Amino acid sequence: MHGVQKIVKGPAANRFRNEDLPGYLFLAPWIAGFLLFTLGPTLASLYLSFTKFDLLSAPSFIGLDNYRFMFTSDQRFGNALRVTFIYLMFEVPLKLAFALAVAMMMDKGIRGGDVYRALFYIPSLLGGSVAIAVLWRQLFQGDGIINRALFALFGVQGPSWISNPETSIYTLVILAVWQFGSPMIIFLAGLRQISPELYEAASIDGASKSKQVWRITLPLLAPVIFFNIVLQVIEGFKAFTPAFIISGGTGGPVDSTLFYTLYLYQEAFAHFRMGYASALAWVLLVIIAVFTSISFFTSKYWVFYEDER
Amino acid sequence: MNAEALHPSRQAGAQKSAYGAVLRHALLIGASIIMLYPLLWMLASSFKPDSLIFSDMSLIPPSLNPRNYIEGWNALEVSFSRFYWNSFVIAVLAVIGNVMSCSLAAYAFARLNFRGRKLFFALMMATLMLPYHVTLIPQYVLFLNIGWVDTFLPLVVPKFMAGDAFAIFLMVQFFRSLPRELDEAARIDGCGPWRIYWMIVLPLSKPVLATAAILTFLWTWNDFFGPLIYLNDISHYTVPLALRAFVDTTGLSAWGQLFAMSSLALAPIFLFFLFFQRLIINGIAMSGLKG
Amino acid sequence: MTQVTRRKFVVGGIAAASLAYAGLPAFGQSGARLRCFWWGNPERDRRTRAALDAYQQKSGVQISSESIGWGEYWTKLATQTAGGNAPDLIQMDYRYIYEYARRNTLLALEGVMPKPLDLATFSAGARDSGKVDGKLYGVTLGTNSKAMIYDTAMFEKVGVKSLDPNWTWEDMARIAGEISKLNPGKYWGTGDNSRWEQGFEHWLNQRKKLLYTEEGKAAFTRDDVAEWFELWDKLRKSGACAPAEVAAMNTGSVDQYEISRGTAAMSYANSNQVVAFQAIHKGKLAMSVFPNLKGGVSGHYIKPAMLMSISSRSRAQEEAAKIIQFMVNEEPGVKALGIERGVPGSSEAQKMIAPDLDELGKAQVDYVAAVTKVAVPLPPPPPKGAGEIETLLRRVADSVAFGKQGVKEGAVQFHTEAVNVLARA
């Protein structure tokens, strides 16, 4: 993503040749698709966010009422934001740490690497399957396997993780961490780009394995880590399926797994308030945009690009 | 005496790394079991009668009776061969459309110097942030008005319009890593942008095109919401959509059949991933995410 | 080499595209083709398709079937309706019919009655259950009533061989308490019903009160809610009722009820669902009316388990009405559907299916017949926003059960928010 600036500042910008026409021609499918399938519907939803629209009859314009209600009286809105932030705070770092650890373990040609990678990718392929919903509830219920294992290993009796409002969100965090396939693939690709000579040189200098990780791997991987963070944060804000399938669409117990998008979905399709749901969507869009800009701004201080020396 | 015995230090090193390998394998196998548990559970459940699925957590089914598979395959009005065919057609068309249209857009962003490029690129990346529930109803109305609802077109045509920002981004990165001298040489030979794209950039970009193709296939195959909204008649359903017709939370559900068909549904994408993963990693690695 | 590859790519693309075209559904539907949409499962799909096929053979009219699970059904129906593309025949739920009828998306059926649609053999209760604002918007495909579903083996263990239909709340507390002692901390007598809006409604009905007024306002008071929460709080504290953590597992999906999860001997649902509960349960299940109130009325009423409605924008309303007529009155249609959606509303249709009933089918017919004798009048249909109140009660009842707030605070919260929801809907 950092490429944005560089494309423009790169040598291409200095060239005198005008490539407007070919540029627009190559971009034509994208521009058409963007106008038709993205911008049009998005602007339509912006308009809908200023209306009362119950899906079944025509929308009626109500000005800023939806936004006013959201920020003054809607407690579920605040709660949904809180739930989403808690989820993000745990899900993003844990998932990335896990994906990175596994990727580092599998880097440098371990035998059967293909099979391991494929096995580790299975959870991501299972995605929003109904089977996962049933299974997850069985694993994390009061006398589920998790608690039986905890009892056998440590002699503690755990709560019914999935139905306790204090703990239910963490079962969704675990679900997300368990589906670490895509960042793992990206990390593997990043690791492959680090030249083995660097490690050899470090070994000769007597640097320990852990020192090599801190001094070589992580700094050189910083751009990839950054890329994964941005992607995961965006995906995290948009997360919908896990909470939807596991709580049966309720976001319960006591709204403890009411993701923002799940609330948005409930308002739109269960409570017939598409106007309000559109307003919720626009607020989410602004929040994601703010967070993405913050990450880009702070990245200057910790993401090190080789070609910026 | 072999060579290693003459070099005790090297032998020790080899031993140490052998231990390391064993440890790594042990860790990876342990992790695999955790990763695989749900799959095993699903497989075991697919052989159980419905009355046992919720009370019996055992991973070993009472028998290997394939009833659920046979009955599940034909449980709906049309058989699963139809659903697989539908999924396959949609996924293949999506792959073709996505690879062609995204590579065009990516070439423009990576190599052409035109006004508004920065703005377009930013807009393109911003589409990553859109929550899809927002655009759902307006999009539906649009497709309905052009008469595309209950056909595959709403699921396929947008793929021909470079809607996949992630793929474009990867391709932009990859194209930028190709040496510019090639273009310049071609330009001097009188090649226009189209021929440079077609004769030079595309042939050199097979790894990233493969990556985009594979990821598109996987994502399209698993997509559920699009087919749910746009496909009506059961004979047009895709595999993930058909699976939702097995469960009625307010009434009877064919659980055993659901798990049997879910297991089968996983097989093609698992194999697909198993065989093509090297290409994915290669493609991403060579695109040089480093920026 | 690269030439070949690229040519292959293009040729392959065209080949795939033309292949796909062969597999593509036709553009536009021919005028005579009707669309029928329901939520269900393979068993219901088979039966419905058989009925539609029989009709198709008889009349030559083409009907396409669309079916999906409950959770996705309403999203899809709302999207289609919003787009003006609703199916001709729409399976409706009692809970949603008001939402859809009030927004003029369903056809008032008076125009197609008594010909082709004739409901003369329907009981008044079964017929009127599809009415909104005095007009009929849906024909019941099967009737049911709320029912307590229980595990017979557990009841026998505490000496209850057959449950007396006149049992009271006190009996319930006693039996549940005894069952809870069999396997303390693992298994309870009763599931928690404080979180189910229809359970609360039954409790109100027993007291000759209502949940909603005719105008769609809240008909209950804070004190009613407090008393209801108090009742369950006591059961919970005495150990008769499953604790919050166990109760909160129940998302309202059949497989998540206490009785299905093997955590309690009694759960509260609808009579036609007994088949679904039995299918995933090892032991034998039976059903009963909810506990009685000494000196109160039964509180049960007969309601439609599922309705069939016609879209107000259907271009084949007459034909659609004929199909409904075929499903609810004519022998091939009635027999194909059987009792799967509940007990038929027409007395004639009940006779047609009687010979084919299995044990659970008979139990349903008997249960509905027994409840009919003592039933209270059908309350006004759930207003706009009722669906939201259902989730609201679950949320507030859970927070009371978890001890996040007291019974009184919970009652105030539920009442206040319910009033707001109804005002905003």
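**Contacts of chains A, B and C in a predicted model**

In this predicted model, 29 residues of chain C are in contact with 26 residues of chain A, two residues being in contact if their C-beta atoms, placed from the backbone, lie within 7 Å. Residues are numbered from 1 along each chain as its sequence is written, while chains are lettered from A and ligands numbered from 1 in the order in which they are written. Because the model is predicted, local features need pLDDT of at least 70 and side-chain atom pairs count only at pLDDT 80 or more, whereas totals for chains, interfaces and linings use all residues.

On the side of chain C that touches chain A, at least two residues each are supplied by helix 3 (70–82), helix 4 (97–102), helix 10 (244–247) and helix 17 (386–401) of chain C, where helices (H or I, at least four residues) and strands (E, at least two) are DSSP runs numbered from the N terminus. Helix 17 of chain C provides the largest share of this side, with seven residues. By class, the side of chain C that touches chain A holds eight nonpolar, eleven polar and ten charged residues; here Ala, Val, Leu, Ile, Met, Phe, Trp, Tyr, Cys and Pro count as nonpolar, Asp, Glu, Lys and Arg as charged, and the others, Gly among them, as polar.

Chain C itself contains 18 helices and eleven strands, and its C-alpha trace spans about 75 × 65 × 45 Å along its principal axes. Buried residues make up 54% of the 425 residues in chain C, a residue being buried if 20 or more other C-beta atoms, placed from the backbone, lie within 10 Å of its own. Among contacts in chain C between residues at least 6 apart in sequence, 75% join residues at least 24 apart.

Between chains A and B, 80 residues of chain A are in contact with 75 residues of chain B. Helix 3 (residues 20–48) of chain A gives the most to the side of chain A that touches chain B, namely 18 residues. That side of chain A divides into 52 nonpolar, 18 polar and ten charged residues.

Within chain A, residues of helix 12, among them A:Phe226, A:Val230 and A:Phe237, meet residues of helix 15 that include A:Leu284, A:Phe291 and A:Trp302. The residues of this contact between helix 12 and helix 15 of chain A divide into twelve nonpolar, three polar and no charged.

Notes: A residue is buried if 20 or more other C-beta atoms lie within 10 Å of its own, exposed if 12 or fewer, and partly exposed in between; C-beta atoms are placed from the backbone.
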